[in-house]
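Let's take a walk through this model, one piece at a time. Have the sequence and the 3D view open as you read.

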Amino acid sequence: MAGHSKWANIRARKGVQDARRGKLFTKSIREIAVAARSGGGDPAHNPRLRVAIDKALDVNMTRETIERAIQRGTGEIEGAHYEEIRYEGYGPGGVAVMVDCQTDNHTRTVGDVRHAFAKHGGHLGTDGSVAYLFKRLGVLHYAPGTNEDKVLAAALEAGAEDVVTGGDGSIEVLTAPESFAAAVEAMTRAGLKPGHAEVTQRAAIDVLLAGEDAEKAWKLIEVLEELDDVQQVYSNAHFPDAVVQQHAG
């Protein structure tokens, strides 16, 4: 499946921006609340909530904070009511961009997102204008040197859809979104806890950017991810190593 070769590219960009934003707690709390509201407050029967809790624990969120977020989502205690909304558009070089938001004020959010696109060489599109370019799937990543045969055997047992080995020796196990949480548990039980795991939107075909387009697209995605209401930004942009290294440094 296309997309596996850009793991290092994605990881470097997200790592830089997550560290600079320092908003992981806020994002996690919103995701827990929305997941609990949409699927109930019991993680044993709500895979999305289970994944959100795992991510929160990974960034050292306390169980008490997680429980409060769940209770806000289920309405047991008062709190802001967040709704999910997606915006689609195009960035510099014609790259496709999807922006997933959780907001309590649609007017504010769409204004902020539209302004970011307009200021940084892009424009908003209509619903569905770029979504068809992406596929939602679960991704479990394993670092180079992981035993490929062991991963293959465990992934087959876990019901994964595919296993892809990158040119650097890294391995990705791909799952259907609804099977993701169970696959992570099964792989972990097999002694293969992934270094990173998420349900994401993966583009079928990447657009390799260069020069000014690469810099502008990087800035657009960076600005979008800075917005308080934005949870995730997906793009089919693939940045040159020089651009990634420049911003990582």
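Where is Asn46 found? Look in the loop between α2 (24-39) and α3. Keep in mind that this is a predicted model, so a word on confidence comes before the details. The chain has a mean pLDDT of 88, with 90% of its residues at 70 or more. Residues 1-5 are another story: their pLDDT is below 50, and this stretch has 15 contacts in the model beyond near neighbours in sequence.

Back to the loop. Is Asn46 buried or exposed? Asn46 counts as buried because its relative accessibility is 5%, and the cut-off for buried is under 20%. Leaving out residues up to four places away in sequence, Asn46 touches Ala35, Ala36, Gly39 and Gly40.

Now for the two helices on either side of that loop. The axes of α2 and α3 come within 9 Å and cross at roughly 160°. Angles over 145 degrees count as roughly antiparallel, so α2 is roughly antiparallel to α3. The crossing of α2 past α3 is left-handed. If you want to see who meets whom, α2 brings Ser28, Glu31, Ile32, Val34, Ala35, Ala36 and Ser38, while α3 brings Arg48, Leu49, Ala52, Ile53 and Ala56. Two of these names should ring a bell: Ala35 and Ala36 are also among the residues that Asn46 touches.

Next, move along to the sheet. It is an open one, built from four strands in the order β5-β6-β4-β7 with antiparallel pairing. At the edges sit β5 (162-165) and β7 (196-203), each pairing on one side only. From one strand to the next, the twist averages 30°. Zoom in on β4 (residues 134-142) and you'll find eight bridges joining this strand to β7, the two running antiparallel. For a landmark there, pick Gly138, whose bridge partner in β7 is Val199.

What packs on this sheet? Helix α7 (residues 180-189) does, touching β4, β6 (171-175) and β7, and the direction of α7 makes about 10° with that of β4. Within α7, the buried residues are Phe180, Ala181, Ala183, Val184, Ala186 and Met187. These buried residues pack against β4, β6 and β7, and also against α3 (47-58) and α6 (148-158). That brings us back to α3, the helix that α2 crosses. Past the helix, look for Gly191, which follows α7 and has a positive phi, near 80°.

Technical notes:
Residues numbered from 1 in each chain as written. Predicted model: local features only at pLDDT ≥ 70, side-chain atom pairs only at ≥ 80, totals over all residues. Heavy atoms only, no water. Pairing = 2+ DSSP bridges. Axes fitted to C-alpha atoms, helices over the stretch in contact; angles between N-to-C directions. Contact = heavy atoms within 4.5 Å. Buried < 20%, exposed > 50% of the residue type's maximum accessible area, 1.4 Å probe, protein only. pLDDT = per-residue confidence, 0-100. Parallel < 35°, antiparallel > 145°, perpendicular 65-115°, else oblique. Left-handed = near helix turned anticlockwise from the far one by under 90°.
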